[in-house]
Structure formats: C-alpha cells, structure tokens
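Thanks for making time this morning. I would like to walk you through one structure, going from the whole chain down to a few individual side chains, and I will take questions at the end.

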Amino acid sequence: FQDLTIKYGKTETGAGIYMSESTGEKDGQLTLENCIVSNNQCVLRSYPSSYRGAGIYVSGGLNIKNCLISNNANGVGDGGGIYHRPLHENSGLIIENSAIVYNSSIRYGSGFYFDNLNISLPCKITNCTISENSSTLSTGYSIYLKVLTNCFACINSCTIADNSKGI
C-alpha cells in the first residue's frame, strides 16, 4: 500500500489492517509506504477472539516505511499500534523513518508487539519515533519483543520517549 490513510476501523483484531497468511505460505508480505494508520480500535465481542493489533495485525512479513501509526487503541488485548506475528523465515519486521505514537493497549505492546514463533528472522527498527504510547497493565510495555530463540532485534537511530513503559 502506498499513500493511503486508514482510519476509524472497529473490530476485535486488526481494526485498521488485518493480514493473515496460512502457515503453508512462504510469501505473505505487507508493505506500507507513506501511509497513515490511525484512530482504529479493538473492541470486545460476545465470542472468543485474540484481540490483537488495533492499528495493524499481520501474520507474515511486514515492512513499514515513512508511515504514521497513531491513536490506535486496544482496550481488550495486546498491540495498540502494531501486532506482528511472523510465520516463517521470510516474514521479518522492518520499520523505517516512521512514527508510532499515541497508541494504547490494555496489555502488552501499546506501540508494537513482535510475537516471534521460534523462527530466525530480523526485527529492524531504524530512524523512528516511538513515543507517548501507553499500557493499562502495570507490566505492559510500549515495545514488546516476545522472542523465544533465534531472533535478533536491531533498533537504530530511534527516539523512544515518554511511553508508559519501555522495551
């Protein structure tokens, strides 16, 4: 997606953007460039759900460049701005020259939640601002890296400030 604004989505998972590839696929990749994802909200439904990623939910590869991810709210789960779950070694998370700001979650990853499933892959964040993200849970972090093994996270030239919790 390029030069796109996604606003005011309201559902239980991926209220702004929802992309889920099957575990057998190897090429599922979402790329956002010069986009705005804002004011989306995860809400409670009467049936069981995962309640992840108010702004963006992706299971597969995710590349974000020159984007604003802001004011997304997950009042029932994890990942206010972004929830990323890679399924295979080609599905890393790369965020460049972007702002992840003013997002909230009741649990973990108010800015973003990286949920690695024991796959060797990158999580690279470069030249970004991650600020003013808040979590209701006292142990909820603004950047939540759930890494089981074989993963590396690189955060370079970023401003991480004024979040309710750190990394």
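Let me begin with a term: when I speak of accessible area, I mean the area obtained by the Shrake-Rupley method with a 1.4 Å probe. Please also keep in mind throughout that this is a predicted model. In those terms the protein exposes about 7400 Å², and carbon and sulfur atoms supply 46% of that area. Of the 167 residues in the protein, 47% are buried.

As for secondary structure, the protein has 21 strands and zero helices. If we take the contacts between residues at least 6 apart in sequence, 83% of them join residues that are at least 24 apart.

Let me turn to the interior. The largest nonpolar core has 25 residues, and within this core I56 and I82 are the residues with the most contacts. Several elements give two or more residues to this core, among them strand 3 (17-20), strand 4 (29-33), strand 7 (56-59) and strand 8 (61-65), and, further along the chain, strand 12 (93-96), strand 15 (112-115) and strand 16 (121-126). Strand 16 gives the most, with three residues.

It is worth pausing on I56. Setting aside its neighbours within four places in sequence, I56 is in contact with I17, L30, L32, V37, L62, I64 and I69, and also with G81, I82 and Y83.

Y83, the last name in that list, brings me to the aromatic residues. How many aromatic pairs does the count come to? The count comes to five. One of these is formed by Y83 and Y113, whose rings are stacked, at 4.6 Å centre to centre and with 20 degrees between the planes. Because Y83 lies in strand 11 (residues 82-85) and Y113 in strand 15, this pair ties together parts that are 30 residues apart in sequence. Both partners are buried, Y83 at 1% relative accessibility and Y113 at 5%.

Y113 also pairs with Y144, and here the arrangement is tilted, with 4.7 Å centre to centre and 35 degrees between the planes. This second pair again links distant parts of the chain, since Y113 is in strand 15 and Y144 in strand 19 (residues 143-146), 31 residues apart. Unlike the buried Y113, Y144 is partly exposed, with a relative accessible area of 22%. Taken together, Y18, Y57, Y83, Y108, Y113 and Y144 form one aromatic cluster.

Next, the cysteines, which I expect some of you will ask about. How many disulfides does the count give? It gives zero disulfides. For C128, the closest cysteine sulfur is the one in C158, at 4.8 Å, and since a disulfide needs the two sulfur atoms within 2.5 Å, that separation is too far for a bond. C128 is itself buried, with a relative accessible area of 2%, and C42 likewise counts as buried, at 2% relative accessibility.

Finally, I would like to look at two asparagines in loops. N34 is placed in the loop between strand 4 and strand 5 (36-38), and N66 is found in the loop between strand 8 and strand 9 (68-70). What is the phi of N34, given that N34 is not a glycine? N34 has a positive phi of about 55 degrees, and N66, also not a glycine, has a positive phi of about 55 degrees as well. Are these residues buried or exposed? The answer lies in between: N34 counts as partly exposed at 34% relative accessibility, and N66 is partly exposed too, with a relative accessible area of 32%.

These two residues also meet in space, for N66, leaving aside its neighbours within four places in sequence, is in contact with N34, C35, E96, N97 and S98. As for C35, its C-alpha lies 7.1 Å from that of N66, although the two residues are 31 apart in sequence.

That is where I will stop, and I am happy to go back to any of these regions.

Terms used: Residues numbered from 1 in each chain as written. Predicted model: local features only at pLDDT ≥ 70, side-chain atom pairs only at ≥ 80, totals over all residues. Heavy atoms only, no water. Buried < 20%, exposed > 50% of the residue type's maximum accessible area, 1.4 Å probe, protein only. Helix = DSSP H or I, 4+ residues; strand = E, 2+ residues; numbered from the N terminus. Contact = heavy atoms within 4.5 Å. Core = buried A, V, L, I, M, F, W, Y, C linked by side-chain atoms within 4.5 Å. Phe/Tyr/Trp six-rings, centres within 6.5 Å; stacked < 30°, edge-to-face > 60°.
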